[in-house]
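Visitor: Please show me the model, and then explain how its labels are earned.

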Amino acid sequence: MIPANPAPVLLLLAVLATAWIAYRGRRLPPFPGRDKLVMMHMAAAWWAFAAGMETLASAPAEKILWAELAWPGIVLAPAGWAFFVWSYVNGRAPRRERLFIGVAALVAAVTTVVALTNEQHHLLYTSTRLAGPEPGAAVLYDHGPWFFIVTGILYLVMLATVVITVSELQRAPTLYRMHYLGLLGAVGLPWIANMLYVAGAWRLFDFDPTPFAFLVSGLIFQALLGRREFVSLPPIARNALLDALPDPVFVIDAHGLVVEVNDAAHVLPDMPGDPVGARVAELGTLVELAGPLLGNPLSPVAGSREAECRSIGRQFEIRRIPLAHRGRVVGTMLILRDVTDRKHMEGQLRLAVETLERRLTANVDLQNRLREETIRDPLTGVYNRRFFDEVRSDLLADARLRSWPIAAVILDLDHFKRLNDEHGHQAGDATLRATGALLLKSIRKSDFVFRIGGEEFLAILPGMDAGGAVERVERWAAAFRRMTAEARHGVVPSTFSAGVAAFPDHASDWEQLIRCADRALYSAKSAGRNRVVSFADLDDGDDAAEKRAVA
């Protein structure tokens, strides 16, 4: 089911995407710009989070507050991006990096203060208005001079980073051009969205589309970080790191010849001492593992597969990466990752999880059974007095909150002692079980039945007054007489008497309510049993005095 306003959902996904990239980037091995990558995505996550809270807020003042609180992310996300691109492309941090970071933090702090005090000077927003009359409508902002000053500075910073990236893209080897194109796409989408918003040309859900674009940027960075060479082979150290890779790497040209391998490739069996210059078809183990990935070396399609090298009993994940130069594919790179230990651990973990799930399910079932045993009367199956003590406060509080009545009914089997004496305790137990079964079958889902004495039951009927409860209990009494008249399963013909009282007409708390119902039950038994009496119908005199005493 699609929500009426998907904006909060999309912004939540953007928060998760950017926060995940920050978390993943922090856990990667050190590479130029790693800390700035984390800073940029943490700032973007805060921006998206504040935007999400703004869309969720219903009051205009709350929306404006979250828009003001978003400014640390709005300023620091582009700044972090600039620091990251410079460090990644040049392989080192810029000179006076701490000074630049301090300036960025100062601008963010000043802008946040300006935003939070905007009502006093209107430097950031000259005015605000609602996008529509409906509740929770978006707030539209008319921007002030400080907004355009900060935005202009950030746009210049972003433009400088784009120029740096495009310049490096033209000089970079083919293998790394995809990295720079990915970086341009990751920054270009939010930047274009923000420019359209500032120009008044585009709003998404009547809102700034920039934080929504972070979702796509997060996916792009996820793809970039998924490429091992993005962080493991930065431009300044790609050759040294290729030899240091623990995974076998083969570079194959358009004619199917091996033109480059790393030292780890020699771990494969039947591998020549120097496989460079050999045909792939002559390397039996590589053909066995890579299989269809070898195919056409000029195919532009990347791929991966898993295979087992039986001669050494190891499993590998093989990735095929097309290599392009000047717009055309000139060869293929194969990376073989040994995943044997991972597969073994995954299998063990899967078995452990399955075992744990079975144990947890058994424990939950056991706990549920034990819980039922503690709150149920074992003979009749209805709730016991202990459970009544647990729920009584909540039931009364709910009734007061909803301003509706609660009917309390006390039922007592007539001449139950004589029934036991004449027919035995087995007949008495059978009659009690039949009583509990009838009540459980007859009540609503919102009703409760408790056994509070030997042959005495308490029914709680939320939302029902005394008159409605009397009619309901009289139907129960008729059904009970018919059922016991059949005298099956050890049950003997029986009747019951009942007293009914209701909150708030007859009592203001449980003690008074139970006392009123019990008084009505006493009246029913005094009048000859086999009947239902409401507290409201008690005679004057002593009964009236009783009413006054419990009122």
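**Values against cut-offs**

Visitor: Why does Asp447 count as buried or exposed as it does?

Guide: Asp447 has a relative accessibility of 5%. Buried means under 20% relative accessible area, exposed over 50%, and partly exposed in between, with a 1.4 Å probe and protein chains only. Asp447 therefore counts as buried.

Visitor: What kind of model do these values come from?

Guide: This is a predicted model, in which local features need pLDDT of at least 70 and side-chain atom pairs count only at pLDDT 80 or more, while totals for chains, interfaces and linings use all residues. Residues are numbered from 1 along each chain as its sequence is written, and side-chain values use heavy atoms, with hydrogens and water left out.

Visitor: What is the mean pLDDT of the protein?

Guide: The mean is 81, and 88% of the residues reach 70 or more; pLDDT is the predictor's confidence in each residue, from 0 to 100. Over residues 232-240 it stays under 50, and the model has 15 contacts there beyond four places in sequence. Over residues 544-551 it also stays under 50, with 14 such contacts. Where pLDDT is low, the predicted coordinates should not be read in detail.

Visitor: What makes the pairing of Asp447 and Arg444 a salt bridge?

Guide: The term requires a side-chain nitrogen of Lys or Arg within 4 Å of a carboxyl oxygen of Asp or Glu. For Asp447 and Arg444 the N to O distance is 2.6 Å, and their side chains meet in a salt bridge. Arg444, at 30% relative accessibility, counts as partly exposed, whereas Asp447 is buried. By this rule the count comes to 13 salt bridges. Elsewhere, Arg26, Arg34 and Asp35 are linked in a network of them.

Visitor: How many residues apart are Asp389 and Arg392 in helix H14?

Guide: They are 3 residues apart in H14 (residues 385-402), which means a separation of about one helical turn. Helices (H or I, at least four residues) and strands (E, at least two) are DSSP runs, numbered from the N terminus. An α-helix has 3.6 residues a turn, so residues three or four places apart point the same way. The side chains of Asp389 and Arg392 meet in a salt bridge at 3.7 Å, N to O. Asp389 is partly exposed because its relative accessibility is 43%; Arg392, at 18%, is buried.

Visitor: Where do Arg402 and Asp398 lie?

Guide: Both are in H14, 4 residues apart, about one turn of the helix. Their N to O distance of 2.9 Å makes this a salt bridge too. Asp398 has 27% relative accessibility and therefore counts as partly exposed.

Visitor: How do you know that the length of helix H17 agrees with the expected span?

Guide: The expected span is 1.5 Å times one less than the number of residues. H17 (residues 466-485) has 20 residues and should span 28 Å; its end C-alpha atoms are 28 Å apart, so the two agree. Buried residues of H17 include Val470, Arg472, Trp476 and Phe480. Among the elements covering the buried residues of H17 are strand S9 (406-413), helix H16 (425-442) and strand S11 (456-462).

Visitor: Why is Pro248 called buried or exposed as it is?

Guide: The relative accessible area of Pro248 is 3%, so Pro248 is buried. Pro248 is found in the loop between helix H11 (238-244) and strand S3 (249-253). Not counting residues up to four places away in sequence, Pro248 touches several residues, including Asn262, Ala265 and Leu334; contact means heavy atoms within 4.5 Å. The C-alpha atoms of Pro248 and Ala265 are separated by 4.0 Å, although the two residues are 17 apart along the chain.

Visitor: Is Asn420 buried or exposed?

Guide: Asn420 counts as buried because its relative accessibility is 14%. Asn420 lies in helix H15 (residues 416-423). Leaving aside neighbours within four places in sequence, Asn420 is in contact with His425 and Gly428.

Visitor: Which residues form a nonpolar patch on the surface?

Guide: Val9, Leu12, Leu13 and Leu16 form it, with about 360 Å² of accessible area together. Val9 is found in helix H1 (residues 7-27) and, at 43% relative accessibility, counts as partly exposed.

Note on methods:
Patches are made of residues with over 30% relative accessible area and no salt bridge: like charges are joined within 9 Å, nonpolar side chains (Val, Leu, Ile, Met, Phe, Trp, Tyr) within 5 Å. Accessible areas come from the Shrake-Rupley method with a 1.4 Å probe; for residues, only the protein chains shown count as cover.
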